[in-house]
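Visitor: I would like a close look at a single part of this structure. Please pick one strand and take me through its surroundings.

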Amino acid sequence: MPAYVISDVTVRNEAAFQTYRSRAAASIAQYGGRYLVRGGEVDILEGEWHPGPLIVVEFPDIEQARRWYASVEYAAALDVRDAALSRHLILIDGMAP
């Protein structure tokens, strides 16, 4: 069953963000993940949530997503994360088709 990593991002430093983004993308691909949403306009339909850019990544299953998050490859992106951005990050199980 697929799993999803969802991130609500606030960019702090554009240059550091681009470094983070390229390192994160390489690690995500290495662990079988794929981007479903990578920024774009957010249209608020209801409620008071005003997210920054949203990123949604699909992994084959929740264990693979957890392996990616704890990986040495993703750690290289985390080295620049705090300079690059602040965020809310969640991992959630998907549904079988």
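Guide: Let us start with strand pairing. Six bridges join E1 to E3, and the two strands run antiparallel. Keep in mind that this is a predicted model. One contact shows the pairing by name: Ile-6 has Val-56 of E3 as its bridge partner.

E3 also pairs with E2. Four bridges join E2 and E3, again in an antiparallel arrangement. Here Tyr-35 stands opposite Val-57 of E3.

Now look at how covered E3 is. Six of its six residues are buried. In a regular strand, side chains alternate between the two faces of the sheet. In E3, both faces are covered. Leu-54, Val-56 and Glu-58 are buried on one side. Ile-55, Val-57 and Phe-59 are buried on the other.

Next, turn to the largest pocket. Rolling a probe the size of a water molecule over the atoms shows where empty space is left. The largest pocket holds about 240 Å³ of space. Its lining has 19 residues, and Ser-7, Val-9, Tyr-20, Tyr-35 and Ile-55 lie nearest the centre. Strand E3 (54–59) is among the elements that give two or more residues to this lining. The others are strand E1 (3–11), helix H1 (14–30), strand E2 (34–38) and strand E4 (85–93). H1 gives the largest share, five residues.

What kinds of residues line the largest pocket? They divide into 14 nonpolar, two polar and three charged.

Put the picture together around E3. E3 is joined to E1 by six bridges and to E2 by four. Its residue Ile-55 is one of those nearest the centre of the largest pocket.

How values were computed: Residues are numbered from 1 along each chain as its sequence is written. This is a predicted model: local features need pLDDT of at least 70, side-chain atom pairs count only at pLDDT 80 or more; totals for chains, interfaces and linings use all residues. Side-chain values use heavy atoms; hydrogens and water are left out. On a 1 Å grid over the protein atoms alone, a cavity is a set of points where a 1.4 Å probe fits but cannot get out, and a pocket is an open set with protein on both sides within 12 Å along at least five of seven lines; lining residues have an atom within 4 Å of a point. Grid points are joined across faces, edges and corners, and a volume is the space filled by probe spheres set on the points. Ala, Val, Leu, Ile, Met, Phe, Trp, Tyr, Cys and Pro count as nonpolar, Asp, Glu, Lys and Arg as charged, and the others, Gly among them, as polar. Buried means under 20% relative accessible area, exposed over 50%, partly exposed in between (1.4 Å probe, protein chains only). Two strands pair if DSSP finds at least two bridges between them.
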